[in-house]
Amino acid sequence: MRPNFISALAVFILPVFAHAQSLSPEDIARMLDEQAATPNPYASLLNDPDPARSVGAMRIMMESGDRELIDIALEHGLLSANEAVRTAAFEAYLRTSPRLLVTFDGSDGLSPGMKDIGRRMGGTFTDDGMIHARWQLGQYDDAKECTLMADKDECAATVNANGIFLHGDFNYSFRGAVTVSEDGNLIGSVLVSNDRYPIRIQLLD
């Protein structure tokens, strides 16, 4: 019975394969044009001319728990020409307990405290003094109005009218302020003891 089953399966598959192979370059170009012409309903919401509705749509999508919607809204918000919208996008992203890709610039030298922080964050040290690490944040605390560290009841990231502030406690601790750059990433500096280090946090691939 097995040869008959395989023959029957081949009869079914071959026409489908032949049809797939019959697509011409013109067919593919037409399909791409049709796809591009189809409006994205999420993009329409995010590009609403009313700024309040646009930011509202972004926040709702970011808080939906749907990874695809979060990515769409995050990219839209972080690449906005408006710094306030970029900041609002990051603030909403903080409520998703993100894992941040962090780079500390220690090209001018690494203090013992900075080295300890890098090791405790599981960071990779480069010959030019850079530390690349992943920083897992915890839940958003409504009472404290900040996102907590993953394993402590302390604020790790706070967004308020004065800016975006970071605090990491890893035996030694760092504190600093950052802004969302026009390319959609966080840039700024942090203080470890009396030493200041530039920091960059990648938010978009």
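Q: Into how many nonpolar, polar and charged residues does the lining of the largest pocket divide?
A: In this predicted model, the largest pocket holds about 310 Å³ of space and is lined by 13 residues. Asp 71, Tyr 93, Leu 203, Leu 204 and Asp 205 lie nearest the centre of this pocket. By class, the lining divides into 6 nonpolar, 1 polar and 6 charged residues.

Q: Which element gives the most residues to the lining of the largest pocket?
A: The lining of the largest pocket comprises 13 residues. Two elements, helix 5 (67–78) and strand 1 (99–105), each give two or more residues to this lining. The element that gives the most, with 4 residues, is helix 5.

Q: Which residues touch the most other members of the largest nonpolar core?
A: In soluble globular proteins, nonpolar side chains tend to be buried together. Here the largest nonpolar core has 46 residues, and helix 6 (residues 83–94) gives the most to it, with 7 residues. The members that touch the most others are Phe 90, Phe 104, Trp 135 and Phe 174.

Q: With which residues is Phe 90 in contact, leaving aside its neighbours within four places in sequence?
A: Phe 90 is one of the residues that touch the most other members of the largest nonpolar core. Contact here means heavy atoms within 4.5 Å. With neighbours within four places in sequence left aside, the contacts of Phe 90 are Leu 78, Val 159, Ile 164, Val 180, Leu 186 and Leu 203.

Q: Which residue in strand 8 stands opposite Val 180?
A: Strand 7 (residues 172–180) pairs with strand 8 (residues 186–192) in the antiparallel sense, over 6 bridges. The two strands form a hairpin with 5 residues between them, where Gly 184 takes a positive phi near 85°. Val 180 and its partner in strand 8 are both in contact with Phe 90. That partner of Val 180 is Leu 186.

Q: What is the bridge partner of Val 190 in strand 9?
A: Strand 8 runs antiparallel to strand 9 (residues 195–202), and 7 bridges join them. The hairpin of these strands has 2 residues between them. In strand 9, Val 190 is partnered by Tyr 197.

Q: What is the bridge partner of Leu 148 in strand 5?
A: Strand 4 (residues 146–149) and strand 5 (residues 155–160) run antiparallel and are joined by 2 bridges. The hairpin that they form has 5 residues between the strands. In strand 5, Leu 148 is partnered by Cys 155.

Q: Which residue in strand 6 stands opposite Thr 158?
A: Strand 5 is joined by 4 bridges to strand 6 (residues 163–170), and the two run antiparallel. Between them, in the hairpin, are 2 residues. Opposite Thr 158, in strand 6, stands Phe 165.

Q: Is Asn 171 buried or exposed?
A: Asn 171 is in the loop between strand 6 and strand 7. Although not a glycine, Asn 171 has a positive phi of about 75°. The relative accessible area of Asn 171 is 54%, and the exposed class begins over 50%. Asn 171 is therefore exposed.

Q: What is the phi of Ser 193?
A: Most residues other than glycine have a negative phi. Ser 193, in the loop between strand 8 and strand 9, has a positive value although it is a residue other than glycine. The phi of Ser 193 is near 55°.

Conventions:
Residues numbered from 1 in each chain as written. Predicted model: local features only at pLDDT ≥ 70, side-chain atom pairs only at ≥ 80, totals over all residues. Heavy atoms only, no water. 1 Å grid on protein atoms, 1.4 Å probe; cavity = no way out; pocket = protein on both sides within 12 Å on 5 of 7 lines; lining within 4 Å. Points joined across faces, edges and corners; volume = space filled by probe spheres on them. Nonpolar A, V, L, I, M, F, W, Y, C, P; charged D, E, K, R; others polar. Pairing = 2+ DSSP bridges. Core = buried A, V, L, I, M, F, W, Y, C linked by side-chain atoms within 4.5 Å. Buried < 20%, exposed > 50% of the residue type's maximum accessible area, 1.4 Å probe, protein only.
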